[in-house]
Amino acid sequence: MKNFGKNLLIAFLMILAIYQTTELWFDEVSSHNFFSFISTGNTALTRAQLYGLDGIVINRGENKTAVFHRENVLDTKYRGEFDKLITSAANKGESQSGQIDWAHIFNNKCVVYDFVEPIAVEELKKGLGISSGKLGDLQNVSMIILVPNKTENVMQAYFADNDKVMIYSLKRADMAQKGADVIEKFSEQASGCISSRASGFNIFSKNTFIPIIQDSINTINVVNPVMDGDRIDTKALENIADGFFENPAVKWSSVVNNVYSYSDEENVVKYNLKGVLEYSGYVSGAGNNDGGQNVAQNYTAAVDFLKKDNGIKNDVVLTRTAVNSERTQFYFDYAVNGVEVVMSDEMKQGMDMHSAIEVTVSRGSVTKYRRYMCVLEQTYGRQNLTGDFVSAVDNVYNTFDNNDVLVDDIDLVYKINGRQNNVPACWKVVIDGKIYWEAA
């Protein structure tokens with residue numbers, strides 16, 4: 001029996017050695033932790049979820065229109081190969097400080113990770129498996145750029161925090177080739193975009209990826225999935241509520257003042273006639289009792305919780321976070337084919353919500369969850385786009401006495417005001433923190 005145990009241990013160690021050798025050979029390791037493959041659950045979760053990421057830009061070079069793939073927090077598999085290449089460049093490349101030359105970068109194949117809010121550098125390193133000694137001059141990262149250069153046989157990764165940029169260069173022909181191949185093979189349909197700095201537009205306060213959509217775009221319908229004509233489909237509503245309970249069979253339900261409630265000893269789910277689904281947990285803060293708030297851990301908890309809501313049928317994008325010593329609040333909105341869906345100010349006020357989905361997390365546990373419940377259906381109708389982004393900005397400038405102000409951001413979005421049909425896209429222009437809406 002002793003010999004059997006020894007042989008089993010030897011066999012196990014041999015498998016580990018073969019696995020590690022294979023991973024190192026093919027540059028597939030996200031972390032060189034000897035036992036990292038055993039805990040693939042946590043590693044995969046952290047690797048797939050970089051809080052604050054708005055999306056990635058894939059540029060095939062020669063200053064042509066790039067592709068913007070907005071990050072759907074519920075499915076991040078699309079960027080797995082890019083994650084690995086960035087990690088390899090950071091872990092094995094030579095570092096130097098530098099600047100971003102957008103015209104040069106966009107004349108080459110590249111991938112840009114664009115963050116709507118900066119991510120703490122320590123959390124980025126954990127998420128991508130970057131060694132602890134790297135990125136030492138940065139506190140946060142608001143952008144990552146991957147540039148495979150086959151001419152010089154080098155693969156570069158830029159990490160930017162405002163004006164501070166760290167560049168890691170890996171001199172390996174095979175990795176440069178692999179990076180170029182992955183970019184070339186990325187064929188997923190997404191919105192076109194251009195870089196404001198590479199294109200010479202000086203009206204923006206920073207480099208901005210401007211949406212470029214040809215000719216026309218589909219309109220959308222905003223549908224309530226739990227309405228059957230003029231009445232509530234209680235079976236459909238209960239099916240959605242069941243996802244929030246470990247044992248739905250033991251929950252109880254009630255209807256008071258047109259609010260539908262489902263409860264057990266620890267959780268309550270409510271739905272009101274404004275169309276808002278709300279969850280509250282009686283037991284909170286069980287995940288981490290160190291007294292602080294870990295944003296990355298809380299983000300993982302928020303995304304895991306979103307996956308319990310089987311009523312979500314559209315992509316979900318992160319638009320804002322708010323952190324204090326007691327909790328982290330994550331604000332999400334829907335997206336259709338990469339185009340973000342934004343609630344009007346009147347709609348936000350009427351529902352007392354900032355975004356379509358709001359998740360409050362404390363020490364790794366979700367304590368509150370609110371979602372404007374809808375399904376966004378792409379229609380067969382097409383909206384002819386007659387107003388480009390230049391016209392949209394000019395229209396806003398015409399309302400100012402001073403045209404020297406710079407544009408913070410611009411995006412093409414669907415603005416909704418409740419249950420509607422054939423909602424068109426429009427321009428969302430942000431100047432000095434204020435949003436202006438213009439027809440597209």
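These notebook entries record what I looked up in a predicted model.

**Entry 1: aromatic pairs**

I searched the whole structure for aromatic pairs and found 16. I then examined the rings of Trp102 and Phe209, whose centres are 5.8 Å apart and whose planes stand at 85°, so I entered the pair as edge-to-face. I next asked where the two residues of this pair lie. Trp102 belongs to helix α4 (residues 102-105) and Phe209 to strand β9 (residues 209-212), so the pair ties together parts that are 107 residues apart in sequence. I also looked up their accessibility. Trp102 has 8% relative accessibility and therefore counts as buried, since the cut-off for buried is under 20%. Phe209 is buried as well, with a relative accessible area of 10%.

I turned to the rings of Phe159 and Tyr168, whose centres are 6.0 Å apart; their planes are at 85°, so this pair is also edge-to-face. Both Phe159 and Tyr168 are buried.

I noted a cluster in which ring pairs link Tyr51, Tyr299, Phe330 and Phe332. I recorded one charge over a ring: Arg320 lies over the face of Tyr331, at 4.2 Å from the ring centre.

**Entry 2: nonpolar cores**

Which residues of the largest nonpolar core touch the most other members? The core has 103 residues, and I listed Tyr113, Leu124, Phe159, Phe332, Ile357 and Tyr369 as those that do. Helix α8 (residues 295-306) gives this core its largest share, 8 residues. I noted another core apart from it, made of 17 residues, including Cys110, Val147, Val165 and Cys193.

I then looked up the contacts of Phe159, leaving aside neighbours within four places in sequence. Its partners include Ile86, Ala90, Leu124, Ile130 and Leu135. Lys164, Val165, Met166 and Tyr168 are also among them.

**Entry 3: strand β7 and its partners**

Is strand β7 (residues 164-170) mostly covered or mostly open? I found it mostly covered, with 6 of its 7 residues buried. Strand β3 (residues 94-98) runs antiparallel to β7, and 5 bridges join them. Strand β6 (residues 154-161) is also antiparallel to β7, and here I recorded 7 bridges.

I looked up Ser169 in β7 from each side. Ser169 is the bridge partner of Glu94, and Ser169 is also the bridge partner of Gln156. Finally, I examined the turn between β6 and β7: the two strands form a hairpin with 2 residues between them. Asn162, in that turn, has a positive phi of about 55°.

Definitions and conventions. Residues numbered from 1 in each chain as written. Predicted model: local features only at pLDDT ≥ 70, side-chain atom pairs only at ≥ 80, totals over all residues. Heavy atoms only, no water. Phe/Tyr/Trp six-rings, centres within 6.5 Å; stacked < 30°, edge-to-face > 60°. Helix = DSSP H or I, 4+ residues; strand = E, 2+ residues; numbered from the N terminus. Buried < 20%, exposed > 50% of the residue type's maximum accessible area, 1.4 Å probe, protein only. Lys NZ or Arg CZ within 6 Å of the ring centre and 35° of its normal. Core = buried A, V, L, I, M, F, W, Y, C linked by side-chain atoms within 4.5 Å. Contact = heavy atoms within 4.5 Å. Pairing = 2+ DSSP bridges.
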